Structures are given as C-alpha cells and as structure tokens.
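Please open the model in your viewer and keep the sequence panel visible beside it. This tour suggests what to select at each stop and then describes what is there.

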Amino acid sequence: MPRLPFRSLPLLLAASLGACTSLAPGYQQPALPVPAQYPSFAPAGGAALESDWRNFFRDPQLQALIAQALQDNRDLRIAVSRVAQARAAYGVEASAQLPAMAAQAGADRSRVPADLNLTRRPLHASQYQAGVGLASWELDFWGRVRNLSEAALQAYLATDAARNAARASLVGQVALAYLDLRDTAQRIALAERTLASRQQTFDMVARRATLGSSSQLQLAQVETLLIQARSLVLQLQQERNTQQHALDLLVGAPVKLPDGGGEISLAAPAAGLPSDLLAQRPDIIAAEHRLRGANASIGAARAAYFPRIALTGSLGSASAELDGLFEGGSRAWNFAPGITLPLFDGNRRRDQLNLAEARRDEALAAYDKAVQGAFRDVADALSALHWLAGQLEVADAAVLVQQRRARLSQLRYDSGASSYLDVLDAQRDLLTVEQQQVRAHHALQAARVALYLALGGAAGESSAPSSEHPGLSS
C-alpha cells in the first residue's frame, strides 16, 4: 500500500493532462473593417510584396546606409532587447506547465536536554536524507496555466512583430533622409549655378554703370536678384546640414555623402488587395497577437473560479546514520496532493475577469484601428503617386516655358525692345520653377517609398515561432 501513490502517479498525471480543457473564448480572426478594394488609383490584383528592401532600394550607397543603420541604430537595438525580454517571459510561463524536479540532500543533528525527555539523560539524534523532490505542480484541469503561457507567447510574438515594424520604419526613415539630402543637393546646385550667373550679370552691369551706359536703378535690380540667390544658397546649405545630422542619428554614426547625385533607382511595388496587409504589415500582425493574448487571458481569469489542484512529493532514502543512508529499508517518500477552492475574495475574481474582457475589447478595437490605418496609408500613397506624377509633368513643362521666356527676355533686352525688369522677372521665375521641379521629383520618390512601407515592405522575416508551433528554438 505505501507504494500505491507513486505507482498511480503516472496514471494520474496522464489522466489530468488528457482531461485538461481551456475556458478561453474560441478565437476567430475579425472581419476586415475596410472595403475589399482600394478606393482609387490601384491596379486590380497584384503580386505579393517583396519584403527584402534590397530589391526595392537599388541605389548602392543607400543600401550601404540602410545596412549600417540596421546594425547600429540605437532605437532598433532597444526593440531587439524588448523581444529578448518577451521571449524570456514566455519561457518562464511555459515552464510552469511542467513539473519542477530537484535533488535534495540534508543532515540534521539535534540534542534534547535531560529535563525534556523521559530518560532524564541528554539525547543526541542524527538524521540523514537524500532524494528527488517534486515541487508544487498545478494540474491544469481548467487550462489556467496553459492560457497564461499562451498569453505570454502572444505577447512575445507581438513584441517581435513590433520589432519588425521598427525595422521597417527605420529603413523608410533612412531612405527618406537620403532622398531629402539628394533633393537638397540638387537644389543647392541649381541655386549656386544661378548665383554664379547673377554674379556675372552684376559685374557686367556694374561696369556699365561706371561708364554711364546703365542706370543705378538697373544695378540695384540686378543686385537684388544676386542677394536673393545668395540667401537661397545659404538657406539650403543650412537645411542640408540639418538633414545630414538627422541621417547620422538614424545610421548611428557619421556618414559622408557626395554633394551631387543622379537618379535613385526604386522598384515599383504592387498594391495588391487590402487583405494582403494582414500578412505583410507588422503593426497589424502585432495587433492580432495582442488580441489573441487578451483572448487567452480571459480563459485564465475564468479558470480562477474553479479548484486548483497541486502535487508535492519526494522520493529518496533516510537514515539515522550516514553509513546506512543507502542501505535496504532506508527508502522514504512523501506525497502531498492539495486542492484549493476559493470561496470568498471580495469579488476579486469577477473584477479580474471583467478586466480581461475589457482588455480583449480594447485589443479588438486596436486591431480594427491598425487595419483601417494601414488601408488609409496605402490609399494615400496610391493617390499621391497618381497626382504627383501629374504635378511633375506640369513642373517639367513649366521649366521649359520659363527657360524659353528667360531666353526671349534677354534677346528683347539686348535689342532694346524691353526693359531689364522683364529679364529680372523671367530669371526669378525660372529659379522658382526649377526648385519646384526638383521638389516635385523628390515628392514622387518619397511617395513610392511611402507605398512600399504602407504595404508592409522592409519588415523582413520574423524570428519568432508561429502561434501554431509555440516551441522556442535555442
């Protein structure tokens, strides 16, 4: 009979694990709170988005900057550390589903005074023991421990998806900062070219004014344009320095870029369907994992209403003499199952369940908001691409017209058919439209990057296990 508890223990454990159930609500992915198609400017269908940013950003210098930022950016390091913390927290919760075994050894030496025992003599006693003990292990009949583990797993997966979102955001920020610098460099080149031209004109008019062939009014007009061009160059150089500092912070180290630059090669992302965002956008993936975790927490809160059964025991040998610790007949064991049935807790369990349900409702609203926000991001990017392409065509046409106007104004002035004021106005307007042309091209490139990121690009592959296979690799 003494051996019965340990003989029946494997059967008891198997029965308890087989009967284990979950009180969490059945999870079903929420319906998309957005239309099945994008509102406008989106091609029908579309291939899956390529997540490798190298296939989208094809400029070698930009690729090097992004790679360096992914390695050295401090914000991304923080996100990676948070993933490690969530992974460890999940490991702690998952380990609670398994029994904790520990080897135990001890010695006890005691003395009882003569006046405290019947023999009226001091008694000395020794006890030595060694064995294997089972710590208090909860039999998870109602799925409380398993749901807590599931909630921790979903928190880990959500944190990893948030790390992917931070990674994608960093790629986009570096790309946009690089585009900003290239845009400013082109605008500086235009402004410096205009400054050089106006300096030559000013020197020529100043010589004429000295000889009396040009008036002081014309000289003042030319000098005004010269000062405007010089001021624009200084403003753009300050803007370039600020952008350079921002890029240095993103990359994590000072970078040196050439002043000039040609066309930046960007691939054209396919818009696809709104449903594709569920698998591509890391913020939506994170929101769904939080919703799954909140759902599991409800199961753990419901299980608190039911009895908790825990097992504690040990098996080994004990003896009054150290030499007899492992001799026959020294075997000792202890088996102590326990059951706890909550009776009154001041509505604590009810409030915990209400809290879990409220958090699930919040997670559901956050999931819907993430989907709607992603839908808007894509729709805005598609709209921007459509209209910015038209604006760039207008800007190109405006530059051609202003160049022709500036040339004709100069010819009319040289032939005496018009005043120099017409030349000044034409040159001023030409500089303006040239700057606008560069900005329009930059805006179109930035919209392509925005569409790529809105579709979930640059997120990369997650290192986290899927929810269907919650085991963690070492």
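A contact here means that heavy atoms lie within 4.5 Å of each other. With that in mind, begin with the whole protein chain of this predicted model, in which residues 24 or more positions apart account for 84% of the contacts that have a separation of 6 or more.

**The whole chain**

Colour the protein chain by secondary structure, and you should find 9 helices and 5 strands, which follow one another along the sequence in the pattern α-α-α-β-β-α-α-α-α-β-β-β-α-α. If you then switch on the surface, you are looking at about 26,100 Å² of exposed area, of which carbon and sulfur atoms supply 56%. Of the 474 residues in the protein chain, 39% count as buried.

**A patch on the surface**

Next, select Val112, Leu116 and Leu123, which together make a nonpolar surface patch of about 260 Å². Leu123 belongs to strand 2, which covers residues 123-139, and this leucine is partly exposed, its relative accessible area being 39%. Why can Leu123 be part of such a patch? Patches are made of residues with over 30% relative accessible area and no salt bridge, and Leu123, at 39%, is over that area cut-off.

**From strand 2 to strand 3**

The structure holds 18 salt bridges, and a few of them are worth visiting one at a time. Stay with strand 2 and select Glu138 together with Arg308, whose side chains meet in a salt bridge with an N to O distance of 3.2 Å. Because Glu138 lies in strand 2 and Arg308 in strand 3 (residues 308-319), this pair ties together parts of the chain that are 170 residues apart in sequence. Glu138 counts as buried at 15% relative accessibility, whereas Arg308 is partly exposed at 41%. Now add Arg144 to your selection, and you will have a network of salt bridges that links Glu138, Arg144 and Arg308.

**From helix 4 to helix 9**

Move on to Asp183 and Arg439, and display their side chains, which meet in a salt bridge of 3.3 Å from N to O. This pair links distant parts of the chain, since Asp183 sits in helix 4 (residues 144-211) and Arg439 sits in helix 9, 256 residues apart. Is Asp183 buried or exposed? Asp183 is buried, with a relative accessible area of 5%, while Arg439 counts as partly exposed at 38%.

**Along helix 9**

Select residues 420-454 to show the whole of helix 9, which has 35 residues and reaches 51 Å from its first C-alpha to its last, close to the 51 Å expected at 1.5 Å a residue. Just after this helix, look for Gly456, which takes a positive phi of about 100°.

Now pick Leu382, which lies in helix 8 (residues 348-414) and counts as buried at 5% relative accessibility. If you draw a distance from its C-alpha to the C-alpha of Ala447, you should read 8.0 Å, although Leu382 and Ala447 are 65 residues apart in sequence.

**One more salt bridge**

For the last stop, select Asp72 and Arg77, which form a salt bridge whose closest N and O atoms are 3.7 Å apart. Asp72 counts as buried at 18% relative accessibility, and Arg77 counts as partly exposed at 41%.

Terms used:
Residues are numbered from 1 along each chain as its sequence is written. This is a predicted model: local features need pLDDT of at least 70, side-chain atom pairs count only at pLDDT 80 or more; totals for chains, interfaces and linings use all residues. Side-chain values use heavy atoms; hydrogens and water are left out. Helices (H or I, at least four residues) and strands (E, at least two) are DSSP runs, numbered from the N terminus. The expected span of a helix is 1.5 Å times one less than its number of residues. Patches are made of residues with over 30% relative accessible area and no salt bridge: like charges are joined within 9 Å, nonpolar side chains (Val, Leu, Ile, Met, Phe, Trp, Tyr) within 5 Å. Accessible areas come from the Shrake-Rupley method with a 1.4 Å probe; for residues, only the protein chains shown count as cover. A salt bridge is a side-chain nitrogen of Lys or Arg within 4 Å of a carboxyl oxygen of Asp or Glu. Buried means under 20% relative accessible area, exposed over 50%, partly exposed in between (1.4 Å probe, protein chains only).
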